[in-house]
Amino acid sequence: MRRERLFRNLLQLAAWLVGLNVLVISITLFWGASPTLRHFGPGFLWSSHWNPVTDEFGALPFLAGTLATSFLALALSLPLSLSMAILLGEFLRGRWLSNVFKSLVDLIAAVPSVIFGYWGLMVLVPWVREVEMQLMPLGQRLGIEIMPYGVGVLTASLVLAVMIIPNTASIAREVLELVPRDLKEAAYSFGATRYEVVRSVIVPYARSGIFAGVLLSLGRALGETMAVTMVIGNTNEMPANLFAPANTMASVIANELAEATTAIHYSSLVAVGLVLFLVTTGINFIGTYIIKKMTVQA
Amino acid sequence: MKIVSTILTILAVLCLGGAALAAEELLGAGATFPEPLYSKMFDVYYSQTGNKVNYQGIGSGGGIQQILGKTVDFGGTDAFLTPEQLAKSPDNPLLHIPTAMGAVVVTYNLPGKPQLKMTPDVIAGIFLGQIKSWNDSRITGLNPGVQLPGDPIVVVHRSDGSGTTFVFTDYLSKVSPDWKEKVGAGTAVKWPLGLGGKGNPGVAGLVQQMKGAVGYVELSYAKKNNLPYAVVKNRAGNFIVPSIKSVSLAAGASMPDDTRVSITDTDTKDGYPISAFTWILVYKEQAYGNRKASKAKALAKLLWWMTHEGQKYNADLLYAPLAGDVKAKAEKIIKSVTFNGQPILK
């Protein structure tokens, strides 16, 4: 019996350590950010000035950059990852081709982000630059300034979109496979076509699980640092449009922390980290709520 | 069993080896700019004396914080400490010991890799966004023989906080009142325009990808990677090719005794105007915390070696060595380091 108790206590200790970890991280962030929060107040969130020389700091350009690239990446990747999941989870289920695709998608998840950044810089950036050059005259007519930089919000979103495909695709495929066979067979027995079964039975049944996968990819996109830094152009200004260079919260921290020589600059970078932490946590809470609402009561 | 005994043997050899040398291990952290040089120096120093020196290139800001927190034996920095930073250790002042000099060059992507001539006004004009294309008369006027395209100029700067940015913006602040008012100097600044690349490779990569791009990188990086760079007009009115020699010559006039000086826009006749020192930071009184006299002595000896024998590695790695006057001042500073009030080196 003593062994049993010891085992249980050990498990409990581990669980508490993990929980405590999150708490300690948030306290550290608040502590480190407090000089900035006291000095700039809530204005830190909506000021778009980031000037280390005059010690003026505002997080808005980075907040905008992070949200813009993450949601755009999600929008770009969702059709691909969902198609993949439906194909593998329903149409190719159990066939050898399904395994090939599955391994390929999982391979994307295993590629380090710096490799994606490099691919973005070497392959995607010249492409985007070509497109931007074609679009320049159109932009001029519409009064939108498009510079053929190649790097910027769009390029970063494209790289992110590819990176987050496996997160949604794998989870969505797994929940699609969990849809009870009798439900599907009932639908077929009413004479439903395959498309109708997918649309009206399988996807609605699995939607909370799919959404959980979406949430996971969003989390990855929000926090991704290396690949984004390499292709976003690192301009600490509000992005004027899709083609403009920008910067994200994760990327500005990685860029400036090592050489932040004044206390307020350092603290402001920690504060940006705090904002990122709160945004990610907030999105997770909302997501969990939506998942609960969406779950089909069986 | 065989593996275990092998490991034990290796461990025993390592322990004995360590004991035989009875070496002090020194720990430093800071600027990334001199890291290749320090690695080479410390490697040679280890093979000559058996003293291990561990240096981590975490950035000047980190180096300053670590030495202020006394978690390292010495810090490395590309920017000398501000009076506020010095005031953080009022009882035991931090000393600056120059170890090498470097320079920042303006590089560009133009057909045929010409060596352009630039004046301070032209450089400031480009990075302020006032000179927008390569065939602007302010550039073509200085370079009559060069065929310059009408491409728009794309400015590339460092995205990471960096001593290189500090040196470059410090220079621009000195030569352009407009720059000083609108942007100023710092390891990171609010750039009026352009794209950011991470590190020297990031900037060089973007410049090489885009026709008509211009950026700034360390001289050593530009040389190693065969990038074209501009000849810059200095205060004396001479166009100076950046080189190890012209960088060394930039330190000359009116050096203060503590060597805390910016030598950008130098007034020496043949000095390259965008040059700078890199320093090591140590405490003047070494008997702090639980430090032993042997450690303090090892540190003082290392500093002496770096500013003397060690200097011969500078040029190989494309850093400029310390010139006469600066060397004498460095010697004086190292000799002022004490342990319990007693000078360590006589």
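Let me begin with burial in chain B, where buried residues account for 50% of the 346 residues; please keep in mind throughout that what we are looking at is a predicted model.

As for the overall build of this chain, it contains 14 helices and 13 strands. The radius of gyration of chain B comes to 22 Å, which is close to the 20 Å that the globule rule gives for 346 residues, and chain B is therefore as compact as a globular protein of that length. If you follow the C-alpha trace of chain B along its principal axes, the spans are about 70 × 55 × 30 Å. Turning to the contacts within chain B, and taking those between residues at least 6 apart in sequence, 70% of them join residues that are at least 24 apart.

Next, the interface. On the chain B side 25 residues are in contact with 20 residues of chain A, and the elements of chain B that contribute two or more residues to that side are helix H3 (60-68), strand S7 (195-197) and helix H9 (199-209). H3(B) supplies the largest share, namely four residues. Sorted by class, the side of chain B that touches chain A consists of nine nonpolar, 13 polar and three charged residues.

Let me now move to chain A, and to one helix in particular. Helix H6 of chain A, residues 153-177, has 25 residues and reaches 36 Å from its first C-alpha to its last, close to the 36 Å expected at 1.5 Å a residue. There is nevertheless a kink of about 35 degrees in H6(A), located at A:Ile164, shortly before the proline A:Pro166. How many of the 25 residues of H6(A) are buried? The number is 22, so H6(A) is largely enclosed by the rest of the structure.

Finally, I would like to return to chain B for a single residue, B:Gly310, which sits in the loop between helix H12 (293-307) and helix H13 (312-316). Is B:Gly310 buried or exposed? With 22 other C-beta atoms within 10 Å, B:Gly310 is buried, because the cut-off for calling a residue buried is 20 or more such atoms. If we leave aside the neighbours within four places in sequence, B:Gly310 is in contact with B:Met41 and B:Trp305. B:Glu84, by comparison, is separated from B:Gly310 by 226 residues in sequence and by 32 Å in space, taken from C-alpha to C-alpha.

Key. Residues are numbered from 1 along each chain as its sequence is written. Chains are lettered from A and ligands numbered from 1 in the order in which they are written. This is a predicted model: local features need pLDDT of at least 70, side-chain atom pairs count only at pLDDT 80 or more; totals for chains, interfaces and linings use all residues. The radius of gyration is taken over C-alpha atoms; the globule rule is 2.2 Å times the number of residues to the power 0.38. A residue is buried if 20 or more other C-beta atoms lie within 10 Å of its own, exposed if 12 or fewer, and partly exposed in between; C-beta atoms are placed from the backbone. Two residues are in contact if their C-beta atoms, placed from the backbone, lie within 7 Å. Ala, Val, Leu, Ile, Met, Phe, Trp, Tyr, Cys and Pro count as nonpolar, Asp, Glu, Lys and Arg as charged, and the others, Gly among them, as polar. The expected span of a helix is 1.5 Å times one less than its number of residues. The bend at a residue is the angle between axes fitted to the seven residues ending there and the seven starting there.
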